[in-house]
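I opened this notebook to keep a record of what I looked up in one protein model, entry by entry. Salt bridges, strand pairing, cysteines and a surface patch were on my list.

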Amino acid sequence: AENRYLPSSRAQLEKQKKLLQEALSYEPIGLSCGFEYSPGITTAETIDLLSVLENDDYLTSVHFRQDGEGSLQSIDELVEITKKSGIPMQMSHIGSCSATGFMDGSLKKLRQVRDRGIDITSDCYPYAAFCTNIGTTVFDEGCFEKWGKSYDAILITGGEFKNQRCTREIFEKVRRETPSMPVVAFVMNEEAVITACQEPFVMIGSDCGFEMGSGHPRSAGTFPRVFSRYVREKKVLTLMDALKKMTVQPAKRLQLAFKGEIKEGFDADLVIFDQNTITDHADFENPALPPSGIDYVIVGGTV
C-alpha cells in the first residue's frame, strides 16, 4: 500500500492523470478525493490532476483536510483549488468539519467567496456525531485534544465491544486489530449542525454505508430525521426547504437532468410519505432500523 502521508511522485501523478483521462469516456460527474484520509495529497497536485477535466461541466467533491481548528484553513484550500482549476467544488459535510465551535466562521467564509463568484457548495447530515473507520488518519494522535473530548466520545459499532464506549485500552486495541471497524465519534454540536442545514447552499447528505453490518444511523434515518426533528419538532426548516435540499439542489448540482422534480418527462422516482408522521427510528445502537410514515417508494418510469 502507498504511504498516505506522502504526496504523489511525478510518476504516480502522471498515472493518475492518465487514468482520469481514460475515465472521461464513461462520462463521469467529476473527481472525488479525501484530503483528511490521505493527508499527503497536496493542493498543487490536485490542481494539476484537475487540469485533465477540460471544462466546468465537471464537479470536484473533496473531503476537507482538517476539522475543528483547522476547518477554516481547509476551506481556504478548497477555495484555492476551485479558483485555480475552474471546476465547481462540492465540499463534503461541513457539519463534521466545523460543528466543533467553528461553524459561524466557516459559513461566513463560504458566503464571502460565493459572493465573489467562487462556485462552492456543501452538504450536512442531521446528527451531532460522525462515523468512520477507527484505523483512518482521523484518529491520529492529537485528535482528542483537538476536539476537547476523551476516549469515551467514541462508540464501537461492532465486534466484541459492540455498542460500548471506548476506554484508552479498547480504542487502542480495536484500532490496532480491526482498523476497518466503523466507530461513531460524538464530538459535534447539534445547534451548529442545524445552522449549517439552514444555510441555502448546504444540502442534506447522508454520507454513510455499512461495514461488517455496522455503521451510523444516518444510513437509514437521515432524510426522515430532517422531516421529523428539524421540520416538525424544532421548526428550524420549512417542509419545502427541506425537500429542496434533498431533491432539486442535489440533482442540479450533479447535473442529473431528469431527476429532482416532479415534471413531465422526468424520471418518476417518487417517495410518498406523511409529513405529520414520518419519523426516523435508527439509532446508534440499532443503526439499520427503518423509518415509519413512508407509504410507497416508486422507482423508475417517467411522469
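The entries below follow the order in which I went through these topics.

**Entry 1, status of the model.** I note at the outset that this is a predicted model, and I read each value below as computed from that prediction.

**Entry 2, salt bridges across the chain.** I searched the whole structure for salt bridges and obtained 23. I then looked at R10, which forms one of these contacts with D48, the closest N and O atoms being 2.9 Å apart. This pair links distant parts of the chain, since R10 belongs to helix α1 (residues 10–23) while D48 belongs to helix α2 (residues 43–50), and 38 residues separate them.

I turned next to R229 and E190, whose side chains meet in a salt bridge with an N to O distance of 2.7 Å. Here too distant parts of the chain are linked: R229 is in helix α9 (residues 218–233), E190 is in helix α8 (residues 190–198), and the two are 39 residues apart. I followed the shared partners from there and found that salt bridges join E190, R225, R229, E233 and D280 into one network. I also checked the accessibility of E190, which counts as buried because its relative accessible area is 19% and the cut-off for buried is under 20%.

**Entry 3, a salt bridge within one helix.** I wanted a local pair to set beside the long-range ones, and I took E172 and R168, whose side chains meet in a salt bridge at 2.9 Å, N to O. Both residues lie in helix α7 (residues 168–177), 4 residues apart, which is about one turn of the helix. I looked up their accessibility as well: E172 is partly exposed, with a relative accessible area of 36%, and R168 also counts as partly exposed, at 49% relative accessibility.

**Entry 4, a three-stranded sheet.** In what order do the 3 strands of the open sheet run? I read the order as β5-β7-β6, with antiparallel pairing. The edge strands are β5 (130–133) and β6 (154–156), each of which pairs on one side only. I noted that neighbouring strands of this sheet are turned by 30° against each other on average, with direction ignored. Looking at one pairing in detail, I found that β6 and strand β7 (residues 182–185) pair in the antiparallel sense over 3 bridges, and that I154 stands opposite A185 in β7.

**Entry 5, cysteines.** How many disulfides does the structure hold? I found 0. C124 is in no disulfide, and the nearest cysteine sulfur, that of C197, is 4.0 Å away, whereas the cut-off for a disulfide is within 2.5 Å. C124 counts as buried, at 0% relative accessibility. C166 is likewise in no disulfide, with the nearest cysteine sulfur, that of C143, 10 Å away. I recorded C166 as buried too, with a relative accessible area of 4%.

**Entry 6, a nonpolar patch.** My last look-up concerned the surface, where V271, I294, V297 and V299 make a nonpolar patch of about 370 Å². I picked out I294, which is placed in strand β10 (residues 294–298). The relative accessible area of I294 is 32%, so this residue is partly exposed, and that value meets the requirement of over 30% for residues that make up a patch.

Note on methods. Residues numbered from 1 in each chain as written. Predicted model: local features only at pLDDT ≥ 70, side-chain atom pairs only at ≥ 80, totals over all residues. Heavy atoms only, no water. Patch = residues over 30% accessible without salt bridge, like charges linked within 9 Å, V, L, I, M, F, W, Y side chains within 5 Å. Areas by Shrake-Rupley, 256 points an atom, 1.4 Å probe, with all protein chains shown as cover. Salt bridge = Lys/Arg side-chain N within 4 Å of Asp/Glu carboxyl O. Buried < 20%, exposed > 50% of the residue type's maximum accessible area, 1.4 Å probe, protein only. Pairing = 2+ DSSP bridges. Axes fitted to C-alpha atoms, helices over the stretch in contact; angles between N-to-C directions.
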